[in-house]
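Subject: Structure handover

Hello,

I am passing on the structure we discussed, with my notes on it below. Please read them with the coordinates open.

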Amino acid sequence: MFFALGRWCARRPVRVLAVWAAVVIAVVAAVALHGRVTTEAVVIPGSDSQAARDAAETLPGPASGNQPIVLHTTPDGPELTSATARRAVEAAAADVAAADHVVAVATPYGPSGGAAMSADGHTAYLSVGLDVTGRDITPEISEAVLSAAEPARRAGIEVTAGGDLAAAVDKRSTAHSELIGLAAAAVILFLALRRILAAGLPLLVGVLGLVVSLSVIGLVGHLLDMPSSGATIAAMIGLGVGIDYTLFCLTRFRGLLAQGHEVPEAVGHTTASAGKAAAFAGGAVAAALAGLALGGLPLLYALALAPGIAVLVAVLAALTLLPALLALLGHRLGHRTGGRREGRRAQARPAATRPAPDPADPTASPAVRSAPTGAEHVEDDIEDSEGAADVTEPAHARARRFAAHVADRPWRYLLASLVLLAVLAAPAARLTFGQLDAGDKAAGTASRTAYEQLAEAFGPGANGPVQVTETLPTAAEGPSDHRVAPVTEALARTPGIEAVGPARIGPDGRTVLWQVTPTTGPGDRRTVALVEQLRGTTLPEATAGTGAATHVGGPTAAQADLNARLADRMPAIIATVVLVAGLLLLLAFRAPVVAAKAAAMNLISVAASYGVLTAVFQWGWGADLLGLDGPVPIPGYVPLLMFAVLFGLSMDYEVFLLTSVRESYLRHRDNRRAVVDGLTGTAGIISSAALIMLCVFLSYLLSEDPVVKMFGIGLAAAVALDATVVRGLLVPTSMVLLGSRNWWLPAWLDRILPRVDIEGTPTPAPRARACTAKPAAQPSEADAGSRADRLPAP
């Protein structure tokens, strides 16, 4: 199927490119018309905070809630209570009220505005209500509202948006990160491929895939709550895998051209081998991300869906767009010293007039058994695609010497790599889930500025009020109702509460809402403890015997519920992802030991990346180098999403390395030699691919979003460790020590396991033009698969 797909695209390249062009134009136009929608709202079905939110929404009020516009003057500036400042602020409020989508504006001078004016008179805020929800507040709406406050600015008053208005203002493009990642990838690709056209092809495919995936994700945001970090994470992963998958396929294609294959046939065999492996790896990433569905949270659905879309688009591009481009560019992608002339020279060689000896035949001579088969090694592709011997031979020889050195000292390097990974993973034992707030944003952003000004003037709790709701069995008579007043009094007496707003009773008389201001900020653990105290003792005691149901909501309560839900579901999610990854490797290589060992090593690699994440962000080691003021809490969804992504991405290198090792083992049944061959042959391709991933991930450290920085550091650390310590030391040494047990397969399992050939059928020799002799018979896919699976028991 993959061979037919690749050859079909190669024979109709213009048609395929036209379809891709139409898709790109359609999705970009749709985004231009409808826009990208993101929201930081957290919906936690069945949680106490969600019940409080649902109850609060029954009370009348603007769709957006009250969005603050902070007004501030310096200590030596005019007080906002002065007549001049008041006229300016009221004029600004009138202009803001006239702006599009604004339905209500409350000033600090109104009957209920006393709480919006600081004691020193230098800080206040307007409460703005809009007819759109927080997720639909665009940068344009926010800028229009802020521009309307110009009368206050002319009076020397600093005007800063807060809440969702600030989040919209702070939305910045990550194009600079993508450009830096692409520039670094271009340098790496040119050094690896030695041709500008060949180096540019992975970049072209990666960028087109990125445009399509980000546009689709932007449109999906209209259907579900998509956090702003979701698209950024998708861009990181989509760009990296898009370039890597294209590089794997291009390397294979160049090798086939150097062997003398015609372009359409080379494209078909490329898709049937490297393309199929890329599809398998991409499917593994998608399957790992799908495991997050067990979390039962819309946030996890969105954060898994975004990178999943990017990876699937990258796979689709590798299977359709890339074959068309390979067919159009053809020999111009070949190496400098080979290319068309080498291909023609290979085609001119006479074909054999009788079937070639089967290297797998135990009766064949040693020379025949050691000769390469139709299923070429990955290292053969790399050598052929690089071109001149003076370029590839030193690197190839160095890689082989290193591989032999490691294989000769397996215990030494196994223990050393385990110690290194254990040291890096040690901080992960102290990893705790926390909550980010606007105070953790980059200095100078509207969110951070408004947060600091409100915290200084009204206390840190003003940035994260707690909502307490009460649902009564029958309608209340008013705030003095015997079922309402005790709750108000109990809240006022609770330690850790700065102020309690008046009880608001809904239209039905049964829903009551209190706005509670804590003494601590929304990201403070003491605020979480306050929420737990309200739920556990304060509210149950105040409502005992009344039949009322109380709930605690607000940002802190929602994040606490989210982290608790994630902690409860994490073991099941991790177990599912590990099981899925292990089963996929078992299907691919029909070796239970290999699959179990790969899953265990992936866990070790992820643990080490968690340790780096904990040390840098939770402990603050080197945080200032990342543009952070110090330690920041790690949201619970970050490690969980990282786990799924890393387990999927690690399958890429695992598949290409084990494929090479397995092919070598099938030829000569020498386990140590197979490990050396596999490590030698994949060193170049895995190193280049990992280096590209590393540059792409690290480029996103320029983002001002701490969550994006966390993913950048965590993913970069994992890829670096995976491509060096794990694949370069841990995997080969363990395989050398296990010997032929690596490929053990019980007879009962052999009977029930379906045969999945991710390596593709053996590539036939190029057909000779000058010879009419009957070509050598090639084994069928079924025969090849059955022969490959006849492995000796240990």
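The notes go from the whole chain to its cores, then to the sheets, a helix pair and one serine.

Please keep in mind throughout that this is a predicted model.

Overall

The protein chain has 27 helices and nine strands. It runs to 794 residues, of which 55% count as buried. The surface it exposes comes to about 32000 Å², with 61% of that supplied by carbon and sulfur atoms. Contacts reach far along the sequence: taking those between residues at least 6 apart, 81% join residues at least 24 apart.

Cores

The largest nonpolar core contains 167 residues, and Tyr245 and Phe617 have the most contacts inside it. Its main contributor is helix H12 (residues 298–329), which gives 21 residues. A separate core of 31 residues lies apart from it, including Ile69, Ala99, Ala124 and Ala446.

If you want one residue to start from in the largest core, Tyr245 is a reasonable choice. Neighbours within four places in sequence aside, Tyr245 touches Ala278, Ala281, Gly282 and Val285. Its other contacts are with Val311, Ala314, Val315, Ala318 and Asp652.

The four-stranded sheet

Strands S2, S3, S1 and S4, in that order, make up an open sheet with antiparallel pairing. Strand S2 (102–106) and strand S4 (158–161) are at the edges; each has a single partner strand, so one side of each has no neighbour in the sheet. From one strand to the next, the twist averages 25°.

Inside the sheet, strand S1 (residues 67–72) and strand S3 (residues 123–130) run antiparallel and are joined by six bridges. Gln67 can serve as a marker for the register, since it stands opposite Val128 in S3.

Two helices lie across this sheet. Helix H4 (residues 83–97) lies across S1, S2 and S3, at about 165° to S2. Helix H5 (residues 139–148) lies across S1, S2, S3 and S4, at about 160° to S4.

Strands S5 and S9

Another antiparallel pair is formed by strand S5 (residues 466–471) and S9, with five bridges between them. Within this pair, Thr471 stands opposite Ala549 in S9. Strand S9 (residues 549–553) is mostly covered, as four of its five residues are buried.

Helices H17 and H22

Helix H17 (residues 410–425) packs on helix H22 (residues 592–618) at an angle of about 40°, and their axes are 7 Å apart. The two helices are therefore oblique to each other. On the H17 side, the residues that meet H22 are Leu418, Leu421, Leu424 and Ala425. On the H22 side, they are Ile604, Ala607, Ala608, Gly611 and Val612.

Ser660

Is Ser660 buried or exposed? Ser660 has a relative accessible area of 0%, and the cut-off for buried is under 20%, so it counts as buried. It sits in helix H23 (residues 637–668). Between Ser660 and Val675 there are 8.5 Å in space, C-alpha to C-alpha, at a separation of 15 residues in sequence.

Regards

Terms used: Residues are numbered from 1 along each chain as its sequence is written. This is a predicted model: local features need pLDDT of at least 70, side-chain atom pairs count only at pLDDT 80 or more; totals for chains, interfaces and linings use all residues. Side-chain values use heavy atoms; hydrogens and water are left out. A nonpolar core is a set of buried Ala, Val, Leu, Ile, Met, Phe, Trp, Tyr and Cys residues joined through side-chain atoms within 4.5 Å. Buried means under 20% relative accessible area, exposed over 50%, partly exposed in between (1.4 Å probe, protein chains only). Contact means heavy atoms within 4.5 Å. Accessible areas come from the Shrake-Rupley method with a 1.4 Å probe; for residues, only the protein chains shown count as cover. Two strands pair if DSSP finds at least two bridges between them. Axes are lines fitted to C-alpha atoms, for helices over the stretch in contact, and angles run from 0 to 180 degrees between N-to-C directions. Angles under 35 degrees count as roughly parallel, over 145 as roughly antiparallel, 65 to 115 as roughly perpendicular and the rest as oblique.
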